[in-house]
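This report is for a reader who has not met this structure before. Please look over the sequence and the model, then read on.

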Amino acid sequence: MVGKNNGAAKSNWTLIQRKLLALFVILLFVNMPIVVALDISSVTSSDITGSDAVVTWNTDEEASSSIYYGTDISDLNLVESNSDTVSEHSLALSGLESETEYYYYVESETANDSASDDNSGDYYSFTTDVAEEAVTAEEASETAETTGES
C-alpha cells in the first residue's frame, strides 16, 4: 500500500510540474514586449529643378535619414544622409544633371532598427528639368525672333 500512495504522490507532483511549466510559458508570452518594425511611408520627390530636388518621407518613429540614388537603377552609388533623428524626413539633392532621370530609395535607422523603402523593388524616380541657363537662352532667342532682333 505504501508503494501505491508513493506512485500517486509522484503522479500528482508531475501533474503540478506540468501545470507550472504551462503557466510559466503562458506568462512569458503575455509579458513579451511587442516588437514593431520601423515603418516608412509617403515617399515623394518635389521642388525639382534642372540641378536640384527634395525627397521627403515619414517614419512611425524618430530615425535618421538616407537616400541612395543615381542614374543607373543597378548602381545607386550616390548617397545623401542626415544622422539627426526625425519622423518627417526631408533631404535636398543638389548638383544633379539637367534633363536626367534619377532613381532612388530611402533608408532610416533608429538605435534598434532600420528600414528601407525601394518602392517594392521598382525604385522611386524623378526627372530633372531643363537647366536654368538653357531656358533663359531659349527665352532670349524666342524674344529676339518675335521682336525681329538678332
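How much area does the chain expose, and what share of it do carbon and sulfur atoms supply? The chain exposes about 10,400 Å², and carbon and sulfur atoms supply 50% of that area. The model is predicted.

**Overall layout**

The chain holds two helices and six strands. Read from the N terminus, the order of elements is α-β-β-β-β-β-β-α. The chain has 150 residues, and 23% of them are buried. Taking contacts between residues at least 6 apart in sequence, 63% join residues at least 24 apart.

**Two residues**

The table sets out one residue from a strand and one from a helix.

| Residue | Element | Relative accessible area |
|---|---|---|
| Ser108 | strand E4 (residues 101-109) | 1%, buried |
| Leu20 | helix H1 (residues 2-30) | 53%, exposed |

Ser108 counts as buried because its relative accessible area of 1% is under the 20% cut-off. Its side chain makes a polar contact of 3.0 Å with the side chain of Trp57. Leaving aside residues up to four places away in sequence, Ser108 touches Leu38, Ile40, Trp57, Thr59, Ala63, Ser64, Ser65, His89, Asp113, Ser114 and Ala115.

Leu20 counts as exposed because its relative accessibility of 53% is over the 50% cut-off. Leu20 belongs to a nonpolar patch on the surface. Trp13, Ile16, Leu23 and Leu27 are also in this patch, and with Leu20 they have about 510 Å² of accessible area together.

Terms used. Residues are numbered from 1 along each chain as its sequence is written. This is a predicted model: local features need pLDDT of at least 70, side-chain atom pairs count only at pLDDT 80 or more; totals for chains, interfaces and linings use all residues. Side-chain values use heavy atoms; hydrogens and water are left out. Helices (H or I, at least four residues) and strands (E, at least two) are DSSP runs, numbered from the N terminus. Buried means under 20% relative accessible area, exposed over 50%, partly exposed in between (1.4 Å probe, protein chains only). Contact means heavy atoms within 4.5 Å. Accessible areas come from the Shrake-Rupley method with a 1.4 Å probe; for residues, only the protein chains shown count as cover. A polar contact is a pair of N or O atoms within 3.5 Å; within protein, one must be able to donate a hydrogen and the other to accept it, and residues adjacent in sequence count only if both atoms are side-chain atoms. Patches are made of residues with over 30% relative accessible area and no salt bridge: like charges are joined within 9 Å, nonpolar side chains (Val, Leu, Ile, Met, Phe, Trp, Tyr) within 5 Å. A salt bridge is a side-chain nitrogen of Lys or Arg within 4 Å of a carboxyl oxygen of Asp or Glu.
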